[in-house]
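Let's walk through this one together, beginning at the ligand and ending with a pair of helices.

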Amino acid sequence: RKIALTGIKPSGEPHLGNFVGAIRPALELARTADFDSRYFIADHHALTGTPAAGDIAAWTRSVAATWIAAGLDPERTVFYKQSDVPETFELTWILSCVTGKGLMNRAHAYKAARDRNVAAGEDPDAGINMGLYEYPVLMAADILIMDADLVPVGRDQLQHVEIAADVAGSFNHRYGEGHRLRVPEAVVPPETTGHTLPGLDGRKMSKSYDNYIPLFLPAAKLKKLVRRIPTDSTPVEAPKDPDSSAVFQILAQFAEPDVVADTRKRLEAGGVGWGDLKNQLADVLEVQLGPMRARYDELVAPGSELDAILARGGEIAREQAARTLRGVRRAVGVEV
Ligand code: TYM
């Protein structure tokens, strides 16, 4: 059976973009009888931002509770923390030895950090740690160690999955006689439905831009944040372009298709103000997310069943990882 795998970095609470780009499509895949699913929390990836220890622990809990509240069934999906699978870190080293430095130079997270430094007139590598540089190799190890075929991710992670496929290819080219790594493929939501979700400043919604709307805010706070999404100053009665509106783009991900089509028509006709649209969005989000929030609150509380679920998932994931790593170790010759 084909294996679907994805991860989320606990560098903040999960937000609407994570839900639309990764959680919802991944859960859809997991419900399909054709796939085994392995979803995890990429806690070591979050360390590139050198967060406080307490934050990592809290955010890991928050991401884990989110997946389960959103419908992940731990009986069907192997659900675990990256840090519970230390084999990943050994594989990362072996993979870095078949990964060209040039490939890492082109990875977009690193390139973006460098470009920002250059634009600010600073040393190009200022503040960039080796973790950020090697980030894609660790991600490749996450994917390859679990034999994943499909990786459901948002558009911003597509390049990373392509790098993982490249790295698998290099490994197979060099050591494929001894062990072949499965070459993964990204599953990205189609443009029309899975557009990168914009955040509170109109840029991509992202934990690193601090412009995100957390998934499980209390209703009143959610409404307050929705009001902060920027809009232009088109008067109420004037026709509006739905596609250039962050509010509409978010609505399009959460409302029923006929509601989206109707809202589009009303905006294009004029007479609907941005304030009205924001109220509609807050209501739609409440209808969609409200019921999951109660379950989330239960799970995120200390002493919930979350710890046992993750511990069990970690054991199963580790067995799989140990199998792959054994094959790899033999193929490269460090184990006979
Ligand atoms: P992360 O934690 O930044 O994001 C988790 C998932 O959410 C998607 N996403 C979005 N989708 C649509 N619109 C947005 N504004 C938006 N923001 C985030 C991301 O594309 C991602 O799918 N490197 C990964 C974590 C990771 C991983 C892996 C993923 C580590 N190892 C192995 C897959 C396989 C990351 O930082 O995602």
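The shell around the ligand is a mix: twelve nonpolar residues, ten polar and five charged (Ala, Val, Leu, Ile, Met, Phe, Trp, Tyr, Cys and Pro count as nonpolar, Asp, Glu, Lys and Arg as charged, and the others, Gly among them, as polar). Keep in mind that this is a predicted model, where local features need pLDDT of at least 70, side-chain atom pairs count only at pLDDT 80 or more, and totals for chains, interfaces and linings use all residues. Residues are numbered from 1 along each chain as its sequence is written, and side-chain values use heavy atoms, with hydrogens and water left out.

Of the 27 residues around the ligand (a heavy atom within 4 Å of it), K9, Y135, D142, D156 and L197 come nearest. Now for some polar contacts, meaning pairs of N or O atoms within 3.5 Å. L197 puts a polar backbone atom 2.9 Å from a ligand nitrogen, while Q157 brings a polar side-chain atom to 3.0 Å from a nitrogen of the ligand. K207 has a polar side-chain atom 3.2 Å from a ligand oxygen. On its own the ligand exposes 710 Å², and the protein buries 97% of that (Shrake-Rupley areas, 1.4 Å probe).

Strand 1 (2-8), helix 1 (16-31) and helix 7 (130-145) each give two or more residues to this shell (helices are DSSP runs of H or I, at least four residues, and strands runs of E, at least two).

Follow helix 1 away from the ligand to helix 11 (residues 246-254): their axes, lines fitted to C-alpha atoms over the stretch in contact, come within 11 Å and cross at roughly 40°. Helix 1 and helix 11 are therefore oblique to each other (neither under 35 degrees, nor over 145, nor 65 to 115).

Definitions and conventions. Polar contact = N/O pair within 3.5 Å; in protein donor to acceptor, adjacent residues only side chain to side chain. Axes fitted to C-alpha atoms, helices over the stretch in contact; angles between N-to-C directions.
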